[in-house]
Amino acid sequence: MSGGEQPGLLPVEAALQRLLALAEAMPVADNERVALADADGRVLAEPLIAGLDLPPWANSAMDGYALCLADWTGEPLRVSQRIQAGNAPQPLQPGSCARIFTGAPLPAGADTVEMQENVVVEADGRVRFSEPLRLAQNVRAQGQETRLGEHLLPAGTRLGPIELGLAASLGIVELSVRRRLRVAVLSTGDELVEPGLPLGAGQIYNSNRRLLMAWLQRLGCAVVDGGILADDLESTRAALAALSDVDLILSTGGVSVGEADFLGVALREEGQLALWKLAIKPGKPLTCGQFRGVPVIGLPGNPGSTLVTFGLLARPYLLRRMGVQRVEPLGFALPAGFTWSKPGKRREYLRARLQNGRVVLHPNQSSGVLRSAAWAEGLAEVLEGTTLAEGDSLRFIPLSEILG
Ligand code: AMP
Ligand code: MG
């Protein structure tokens, strides 16, 4: 981590690459085994390997009749057995078919299933197949999903409902996951008061603490509440020193090289400090450093800036420290439903929604405002130095892509 100021503005990609490099230098190496029921949101520490074939045996994809097409003469067939899901079938008697239901094992000797809608059951109980048959139709072959020993998910996969369902389908009860990252949230500013207390003159409620703590929990982090830090050097030092056992100190506010930038002073004295000026709006000032060896990221204090810089920079950093490979949100090219006539020096992330397939903006893009972010479905990216006419393509990043 190099100290000092950057000349000019640091492009978003460059800042992200630096943060990811820092994350890769300090990966979370410890793993733990957790029950599947507790694994949602965690990161796989080892690849998920199939311990059996899926499906374990050939089975029917339909309610219908199983037969041996290779031996069939075209005549109606008598029904020699009835096989429901969960039954163990007898081998198919030659010259017969089996009544079979979805998910039931195919009897030995059968190779094809016809769905019940395409058969006629004759008066004597024999079954006539009225449509042409194709070998192996409506049969789910053994191992069609996976074979024993196949790698299904790489280490570093974030586990969600689908991955947990997949693991359960293999009979897995526990998974090895990365231990949770411990992240401390510090809010700086003499003006801040926690909800529940009365507001004094000049005071505002602390919104970033709740925003970040909820977000970090969704990311599978163990959150340490660092509370509110007054704007003074002694308490800043003391607060940082009390957080020696966390993986990251995440603070908001006090990074705009103002006179109340005590975080910067403390880091400079007892760690390292890089003050980045990012080509991002909302955002711009970001502190990246460490205090007595503990990494520190200082986000700008305006809640809109906290949202954008956490979502686009700190979130990927945290995920990469957990070993996650795909850390960047998906974005979609969509037509602008607005015009942008003044090219900016910074890349803008505008609180936006989709309306009739076009991206429209909230009228209030102030960095101090969360209400427009609550209205928004995503962030519309307007690149530095560009203008847009209605219908021009831009990248739209759904908030759902970054909030979890
Ligand atoms: P700062 O970066 O400390 O100069 O803060 C920039 C703006 O964000 C100021 O208007 C602060 O009052 C506001 N702010 C800083 N921290 C918070 C917070 N935790 N919750 C709400 N607003 C904040
Ligand atoms: Mg402040």
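A pocket here is an open set of grid points with protein on both sides within 12 Å along at least five of seven lines, and its lining residues are those with an atom within 4 Å of a point. With that in hand, the predicted model can be walked through, starting with its pockets. The largest pocket is lined by 14 residues, and those nearest its centre are Arg158, Arg315, Arg326, Glu401 and Gly404. Two elements, α6 (303-321) and α8 (399-403), each give two or more residues to this lining. Its volume comes out at about 300 Å³. Sorted by class, the lining has six charged residues, four polar ones and four nonpolar ones.

It helps to know how the chain is carved up. The domain assignment splits the protein chain into domain 1 (12-29 + 179-321), domain 2 (33-53 + 148-178), domain 3 (59-140) and domain 4 (332-403). Between the C-alpha centres of domain 1 and domain 3 there is a gap of 65 Å. Back at the largest pocket, domain 1 and domain 2 each supply at least three residues to the lining.

The second largest pocket has a volume of about 240 Å³. Its lining is made up of 18 residues, with Thr188, Glu191, Leu192, Ile204 and Gly301 lying nearest the centre. Here the split by class is eleven polar, five nonpolar and two charged residues.

Then there are the closed spaces, where a probe fits but cannot get out. The structure has three cavities of 30 Å³ or more. The second largest cavity holds about 50 Å³ of space. Around it sit Gly41, Arg42, Val43, Arg178, Arg179, Arg180, Leu181, Leu219, Gly220 and Met322. Four of these lining residues are charged, four are nonpolar and two are polar. Since domain 1 and domain 2 both give residues to that lining, the second largest cavity lies between them.

Next come the cysteines. A search of the whole structure turns up zero disulfides. Why does Cys68 not form a bond with the closest cysteine sulfur? That sulfur, in Cys97, is 12 Å from the sulfur of Cys68, which is too far for a bond; to count as a disulfide, the two sulfur atoms have to be within 2.5 Å. For Cys221, the closest cysteine sulfur belongs to Cys288 and is 16 Å away, again too far for a bond. Cys68 is buried, with a relative accessible area of 17%, and Cys221 is buried too, at 5%. Both values fit the label because buried means under 20% relative accessible area.

Ala239 makes a handy spot to zoom in on. This alanine belongs to helix α4 (residues 233-241). Is Ala239 buried or exposed? Its relative accessibility is 15%, so Ala239 counts as buried. Setting aside neighbours within four places in sequence, Ala239 is in contact with Leu186 and Leu229. Arg351 is 112 residues from Ala239 along the chain, and the C-alpha atoms of the two are separated by 34 Å.

Finally, the backbone has a few oddities. Most residues other than glycine have a negative phi, and most peptide bonds are trans. Against that background, the peptide bond from Leu54 to Pro55 is cis, with omega near -15°. Pro55 is part of the loop between β3 (48-49) and β4 (59-60). Lys281 and Pro282 are also joined by a cis peptide bond, and in their case omega is about 0°. The loop holding Pro282 runs between β20 (280-281) and β21 (285-291).

That loop between β20 and β21 is also where Lys284 is found. Although Lys284 is not a glycine, its phi is positive, at about 95°. With a relative accessibility of 31%, Lys284 counts as partly exposed. Asn138 is another residue that is not a glycine but has a positive phi, this time of about 60°. The place of Asn138 is the loop between β10 (127-129) and β11 (139-140). At 21% relative accessibility, Asn138 counts as partly exposed, because the buried label stops at 20%.

Notes:
Residues are numbered from 1 along each chain as its sequence is written. Chains are lettered from A and ligands numbered from 1 in the order in which they are written. This is a predicted model: local features need pLDDT of at least 70, side-chain atom pairs count only at pLDDT 80 or more; totals for chains, interfaces and linings use all residues. Side-chain values use heavy atoms; hydrogens and water are left out. On a 1 Å grid over the protein atoms alone, a cavity is a set of points where a 1.4 Å probe fits but cannot get out, and a pocket is an open set with protein on both sides within 12 Å along at least five of seven lines; lining residues have an atom within 4 Å of a point. Grid points are joined across faces, edges and corners, and a volume is the space filled by probe spheres set on the points. Ala, Val, Leu, Ile, Met, Phe, Trp, Tyr, Cys and Pro count as nonpolar, Asp, Glu, Lys and Arg as charged, and the others, Gly among them, as polar. Domain bounds come from an automatic or database domain assignment. Buried means under 20% relative accessible area, exposed over 50%, partly exposed in between (1.4 Å probe, protein chains only). Helices (H or I, at least four residues) and strands (E, at least two) are DSSP runs, numbered from the N terminus. Contact means heavy atoms within 4.5 Å.
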